[in-house]
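Work through the exercises below with the structure open. Try each task before you read its solution.

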Amino acid sequence: MGEERFGEFVLVRRHGEEGVEEGGVAELVLDRPKAMNAVSTEMARSVAAACDALGGDQGVRVVVVTSTHERAFCVGADLKERNSFSDADLVRQRPVARGAYTGVLELPVPTIAAVHGFALGGGYELALSCDLIVADRTAVVGLPEVSVGVIPGGGGTQLLPRRVGAARAAELIFTARRVEAEEAYRLGLVDQLVEPGEDRASALSLAAQIAANSPVGLRAAKRALRLGQGLDLRTGLEVEDAAWRAVAFSGDRAEGVAAFNEHRAPRWPPAV
């Protein structure tokens with residue numbers, strides 16, 4: 001398992017699982033435990049840099065976002081740092097902060113958040129930026145920004161309605177309430193609910209299952225899913241057709257069909 005650090009607060013681990021080449025599953029680790037992973041300017045830059053590196057690595061098939069803090073995934077923006085900001089400082093920081101969330105959101109491979117404890121504000125927005133959220137029963141999620149005089153600014157007002165619908169998202173954002181794990185799972189705020197302490201292992205297991213599939217197919221499927229959101233059906237089907245054409249004549253398609261007919265596991269061509 002290889003490791004690479006991005007600044008002081010972000011670590012990337014590359015895993016090799018059975019049937020998946022070394023590094024096929026990458027773990028983006030939030031590692032600022034003294035602040036419960038509150039997203040400072042420095043940490044935001046590091047998340048963006050790690051995502052840039054992972055997005056450009058053709059060997060990565062799935063990314064899992066995890067936390068080193070025992071009681072939190074991420075508690076959101078670093079409000080202690082923000083308290084010292086002038087208006088000009090806040091304006092300068094805004095693109096840096098956005099870069100962290102869009103970095104996760106725009107990763108070209110499937111992404112999974114492994115959530116335990118608090119995932120609040122920008123912390124929950126980092127999870128929302130992933131395709132799937134695995135949470136353990138200690139998880140508490142929410143977007144409490146209006147309670148401190150701002151709004152969700154890491155994608156929450158756009159990503160949450162896509163998960164749970166406009167009215168449910170409005171209720172959660174307007175009330176700023178925290179939602180515990182059982183209700184979060186019932187409302188669709190998270191996708192899988194596991195026993196306490198099992199979020200990381202479960203997310204990595206799910207990642208290995210996903211990563212065993214065609215790398216070309218996974219990237220194309222994610223592209224079609226993301227680009228098709230919000231489009232009318234006819235336009236969405238054109239997005240899907242373009243993604244299908246991108247994989248239909250690939251080496252992965254040829255190998256996948258051959259492996260199926262030969263009753264064996266596929267041996268996907270090396271990433272290029």
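The model is predicted.

**Exercise 1. The two sides of a helix**

Task: Find which residues of helix 6 are buried, and explain why they line one face of the helix.

Solution:
- Step 1. Locate helix 6, which spans residues 166-175. Buried here means under 20% relative accessible area.
- Step 2. Ala-169, Leu-172 and Ile-173 meet that cut-off and are buried.
- Step 3. Look down the axis of helix 6: the buried residues fall within an arc of 95°, so they line one face.
- Step 4. Recall the general rule: an α-helix has 3.6 residues a turn, so residues three or four places apart point the same way.
- Step 5. Turn to the face of helix 6 that points away from the buried side. It carries the exposed residues Ala-167 and Phe-174.

**Exercise 2. Around helix 6**

Task: State what covers the buried residues of helix 6, and describe the phi of the residue that follows the helix.

Solution:
- Step 1. The cover includes helix 5 (156-164) and strand 10 (179-180).
- Step 2. Move past the end of helix 6 to Ala-176. Its phi is positive, near 60°.

**Exercise 3. The cavity**

Task: How many cavities of 30 Å³ or more are there, and which residues line the largest cavity?

Solution:
- Step 1. The count is 1 cavity of 30 Å³ or more.
- Step 2. The volume of the largest cavity is about 30 Å³.
- Step 3. Its lining consists of Tyr-124, Gly-142, Leu-143, Leu-160, Leu-172 and Leu-189. Leu-172 is also one of the buried residues of helix 6.
- Step 4. By class, the lining has 5 nonpolar residues, 1 polar and no charged.

**Exercise 4. Two pockets**

Task: Describe the lining of the largest pocket, then that of the second largest pocket.

Solution:
- Step 1. The largest pocket holds about 930 Å³ of space. It has 37 lining residues, and nearest its centre lie Gly-76, Ala-77, Asp-78, Leu-79 and Arg-82.
- Step 2. Helix 2 (79-82), helix 3 (87-105) and helix 4 (122-128) each supply at least two lining residues. Helix 3 gives the most, with 6 residues.
- Step 3. Sort this lining by class: 18 nonpolar, 9 polar and 10 charged.
- Step 4. Now take the second largest pocket, with about 410 Å³ of space. Of its 17 lining residues, Cys-130, Asp-131, Leu-225, Arg-226 and Gln-229 are the closest to its centre.
- Step 5. Helix 5 and helix 9 (215-228) each supply at least two residues of this second lining. Helix 9 gives the most, with 6 residues.
- Step 6. The classes in the second lining are 8 nonpolar, 3 polar and 6 charged.

Technical notes. Residues numbered from 1 in each chain as written. Predicted model: local features only at pLDDT ≥ 70, side-chain atom pairs only at ≥ 80, totals over all residues. Heavy atoms only, no water. Buried < 20%, exposed > 50% of the residue type's maximum accessible area, 1.4 Å probe, protein only. Helix = DSSP H or I, 4+ residues; strand = E, 2+ residues; numbered from the N terminus. Arc of directions from axis to C-beta. Contact = heavy atoms within 4.5 Å. 1 Å grid on protein atoms, 1.4 Å probe; cavity = no way out; pocket = protein on both sides within 12 Å on 5 of 7 lines; lining within 4 Å. Points joined across faces, edges and corners; volume = space filled by probe spheres on them. Nonpolar A, V, L, I, M, F, W, Y, C, P; charged D, E, K, R; others polar.
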